Amino acid sequence: MESRCQLWPWALFVLLASLRLLGAQHDCSSGACYPPGGDLLLGRAQHLRASSTCGLTKPETYCTPHGEWNMRCCRCDSRLPHSHNGHRIANVLSSAGRSRWWQSQSGMERVYLQLDLDEKFQLNSIVLDFRSPLPTAMLIERSTDFGKTWEVYQYLASDCAAAFPHVPRGSPESWGDARCQALQAQHGYPAHGGKVKFSVQDVASTITTSYSQAVNKLGQFTNLRINFTQLPHVMRQGYRSPSTFYAVTEMQVLGSCFCNGHADRCAPSEDPHAAQVHGRCECQHNTAGPHCERCAALYNARPWAPAEDNDPHECQRCNCNGHSTSCHFDPEVFRSSGGVSGGVCDNCQHNTAGNNCERCQTNYFRNQRQDLAHPEACLPCECDPDGTVPGSICDPLSGRCVCKENVQGERCHLCKPGFAQLAHANPMGCRRCSCNVLGTRQDMPCDDETGQCSCLPNVVGTDCDQCAAEHWDMASGRGCRPCDCHPGGSLSTHCNQFTGQCSCREGFTGRTCSAAQQEQACPDRHYGNVRVGCTECNCDFQGTEDVGCDKSTGRCLCRPGVTGPRCDQCQRDHCSTYPSCEPCHPCFHIYDGDIQRLRLRLHQSALSNSSVLLPGGTGGSHLGPRLSQAEGMAQQAQGILGRSPGTEQGLAQVGSALAAIRDQMQGINPNFQFLDVTASLSSELEALNSSLVIINNQYQSKKTQFETSRSTDLSGAFQTIRSAYQTSANASGLVAGAAALLARSRENRRNAAALEGAAGAHSAKLLALRAEVAVSPNLTPAVNKICGGFRVEKCTPAQCEGLLCPRDNGTACGAGLSCRSAFPRSAGALGTATKAAGELGSLSARLRDTAQLIKTTETSANQIQSNVRRLVEQMSVTRTQIEGDVRRIQQFIQQVRNFLSDKDTDPATIQEISEFVLSLRLPTDAAAVLRKMTEIQNLATKLQCPESILAQTAEDIAKAKQLQQEAEQARNRANAVEGDVEEVVGYLRRANTVLLEAQGAIRGSSSSLRFIQERVEEIEAVLGPAERNAQAVAEQLAALREGLRQLQQAAGQNRLRASDAQRAAAAAGEKAGSAQQSFQQVKQMYAELKSRMQQSPALGGQGSRVQSIDQEAKDLFEETSAMMLRMAALETEIQESNRALLSKSARLSGLQERVGRIRDAISKRVAYYDSCS
């Protein structure tokens, strides 16, 4: 144990100095988890500001005590950002080093430091390292809405009562309960600065044991403000007062990104080497958002909630059947589902709809061949818009469309039989075919697209309503047959389309005019026997053929479109007024065809349906006889219409036969008188026609009623009849049972009379019994025994004045009094039981709190043990890395030295490297490193062996568990005891005592664990800046190494260019020498030419060339002189660069020696801490 404890100082140093060590985190799958913390100020210097800074507008002088009687005055000039005597707010960042600090203006009382962040973060703690004496009073505030509102975290003062008289002191008891704490430096002395630390967990420790609640209630913030409200008290030095101000050497805001307990790490920044804590989270538990403040797109089946210690509140996936990528939470849907799911899918795809995309959209139906999650689970309805009812939708299961009345087919794309020309504008879909039923094929009346009728053989017309030329007898229903007019006896090949009668020539007769007349006939418009005498036709000759009537019978021969016995009426299918009788509108044939079809279907539909639907018999229905009469008349009409229709040819034959019989009778008995029945026949026919019209009207009325009855629901009428029948039956039953009820009523009346007679006799007995109860028995002794009183008045069941047990009874049980009767004893027992119940409730609550406290302590102990194991594992790895870094630095310094000592290195490059090396800012000097080591050693000395502390903590936890079990056993025994209440109270008191001991043991363990945690944080605060400075130096050296490589390449190229320049200079020198010689020669020649010119001035063009050559020579001479001067200046510059190179090489050697000394000092301290106990 002792040897292992000796490794702790070195292990802590390596652990905190290593950049690869991550803080222990909770498992996100079992509950809330949080990212590791860091300094939020790093990389955010621009977000930190101070309300007052010394020397910001002009230099200021401040004086501080120096020694016992003297003062030292210094100058503060913060106008330039990096001035050595400037004290801007950026100096409080840990990356600025310990030699710089922020300082306020002297004498300014109220000053604040404010951090404004652009994201919401989680705050763990704040550490302020003061250079000045501690403020007399200060307070810490936070904002969670970017500075709109502020909330006080904590008040701090050396004297809370004086500084904040209205703020309570002590530990907070609820959220938002800001208290004042004594302002004491964590290290150092108040008069010479010190550290002030604020921890969110420390504030929340007295409110809750839940870490997640503390983070959610107190941890989140967007703005932080530290208000200094009273300057520190500084003693006077002689006759002068020192300057009073606030000065902070270092400020750390430790925290992480705020993730609502749903993430264990923050999103990495774009720069992998940046030490800045990023503000966004890498969310887990199916959450999303910068702070995991909402559920992910497809995980909104349950409401979002922040994670708790033992409940991650993981967002649940919505069931969208694969047809949506997002959903939202609906509280109403959640309540209606019984709390199972409230997810409503957004923008259902693949033609689906519904909260879960579980059904098809309008005008789409379910594809039964595919699963619901398939993209083709819903197919479009293929309804024809022309044949579909407007606004209707297809069946969502089968896809069948809702067709218009005259349309059929699954897609409503076909006309029903007898209908044609499907059109969107037609509300019925298709129009009825206007085909004549007698001339149309029944299997296919008309074409459903064009409406063209399908005529029977030899039937023509758009509506198949007339026979073809030279054909007749369309009424047969089998088509028209040829007229077969005799070519010799007929006037033409045409005949009457209804009778088939051909137009005969004189002397021919018969339907086809094939029979020759044997005798001379009567003239036109007359009939009869020529031998007896001709009679004028009883016809209206405006409506007859030219012959007027039949020569034999006298029957009027009507022209087309005319009918009636006298041919004085228009035919059925002809309108207007007689005698014009023009053909009716084609629509007439449509209705006429309907009437013909109804006539043919009468025996199959109307009468059979009416006989089935209408009740039979004579059971009280007044419609029976009339319906029977109508049925009989309809049957007669059916029989008449069902017979073969008589033709004009048949009637003519009968008339011919009657005429022959009449002639024979006349020959037998010339005086025989024939009765003229034709006179009455006309009136009979008129009566029969009127009857037919009446019957037709009645038929149409009955048909309309029947169709109406078929189109309505008869079940309602039937139910009404059944209900009335049931009501009548019930009434009959009630009437039948009234007699029995009346008999029972008479019997009850007789019994009541007998009981009334007996009551008189019993009344006397009751009066006597009441008088007896009024005097006896005497209940006073029993009352005194029950209530414990001394009642004297007589008490009987009939009369007992006052309360049986008075409330002010002097015999009631009290403190130190014994109970003598039943009622006081029961009251005392009830009070004791109430007290025991209260103690039991309090004990249960304390047991739950103790169990939670034990659990929290175990979690902390396990976390520290896990940290210890990781620390031991990384000791050797970190030491190896540090030694490797030292070797690489030595190799790099040797490379720099070799490069600088190279004789071919460019002086400008040497100067650049030297200035960069001299600008390197080492973490500190050897003395500062020694001071850091001393601080670490002091902290390690204060820190006891963690294993012994953890062992003691384990023992305390075990003892606490044992004590808790004993307390629970005592509580169970108290619950089991039912007789002696005092024994229950004793058990409760012993359990309370045991519980207090357990809580004390747990508090001791918590204090030890908290002590370890504080020492680790202090060591981390000491080594944090040095670690970051070392990292910065490593980055600068890496940049220098890259720059050195590039400079080496550039130096090589410069050497090549220098060699070329030397060769070019030598060549230029040779050229200059030869040019000089040439110039001398040219000069001599010029002198000679000049003398010649003087001698002979008329040289002409040669003189001009000589002057030109003279000017070129002068220019060449001047250029050569300038080149020589530049070469001399270059030589001087090279010499000066060589001297500067030698000077900076000497300075670099001194710097290398300084680095070596610092490295040796660190190595010695590392070895010392590796072996110290």
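A residue counts as buried when its relative accessible area is under 20%. By that criterion, helix H5 (residues 211-219) has Ser-212, Ala-214, Val-215, Asn-216, Leu-218 and Gly-219 as buried residues. The model is predicted, and its protein chain has 1173 residues, of which 32% are buried. The points below move from the whole chain to selected elements and residues.

**Overall architecture**

- The protein chain contains 19 helices and 40 strands.
- Among contacts with a separation of 6 or more, 57% are between residues 24 or more positions apart.
- The chain has an accessible surface of about 70100 Å², and carbon and sulfur atoms account for 53% of that area.

**Helix H5 and its surroundings**

- The buried residues of H5 pack against three strands named E6, E7 and E8 (151-157), as well as against helix H4 (200-204) and strand E11 (220-230).
- Two of these partners, E6 (111-130) and E7 (137-143), are also the strands on either side of the loop that holds Ser-132.

**Strands E6 and E10**

- E6 and E10 run antiparallel and are joined by six bridges.
- One bridge pairs Phe-130 with Gly-194 of E10.
- Strand E10, which spans residues 194-199, is mostly covered, with five of its six residues buried.

**Ser-132 in the E6-E7 loop**

- Ser-132 lies in the loop that connects strand E6 to strand E7.
- The relative accessible area of Ser-132 is 2%, so this loop residue is classed as buried, given the cut-off of under 20%.
- Leaving aside residues up to four places away in sequence, Ser-132 touches Gly-193, Phe-245, Tyr-246 and Ala-247.
- With Ala-247 there is also a specific approach: the side chain of Ser-132 reaches the backbone nitrogen of Ala-247 at 2.9 Å.

**A nonpolar surface patch that includes Met-1123**

- Met-1123, Met-1124 and Met-1127 form a nonpolar patch on the surface.
- Together, these three methionines have about 260 Å² of accessible area.
- Met-1123 belongs to helix H19, which covers residues 1101-1171.
- The relative accessibility of Met-1123 is 31%, and therefore this residue counts as partly exposed, a class that lies between the buried limit of under 20% and the exposed limit of over 50%.
- Ser-132, by contrast, is buried at 2%, whereas Met-1123 is partly exposed at 31%.

How values were computed
Residues numbered from 1 in each chain as written. Predicted model: local features only at pLDDT ≥ 70, side-chain atom pairs only at ≥ 80, totals over all residues. Heavy atoms only, no water. Helix = DSSP H or I, 4+ residues; strand = E, 2+ residues; numbered from the N terminus. Buried < 20%, exposed > 50% of the residue type's maximum accessible area, 1.4 Å probe, protein only. Polar contact = N/O pair within 3.5 Å; in protein donor to acceptor, adjacent residues only side chain to side chain. Contact = heavy atoms within 4.5 Å. Patch = residues over 30% accessible without salt bridge, like charges linked within 9 Å, V, L, I, M, F, W, Y side chains within 5 Å. Areas by Shrake-Rupley, 256 points an atom, 1.4 Å probe, with all protein chains shown as cover. Salt bridge = Lys/Arg side-chain N within 4 Å of Asp/Glu carboxyl O. Pairing = 2+ DSSP bridges.
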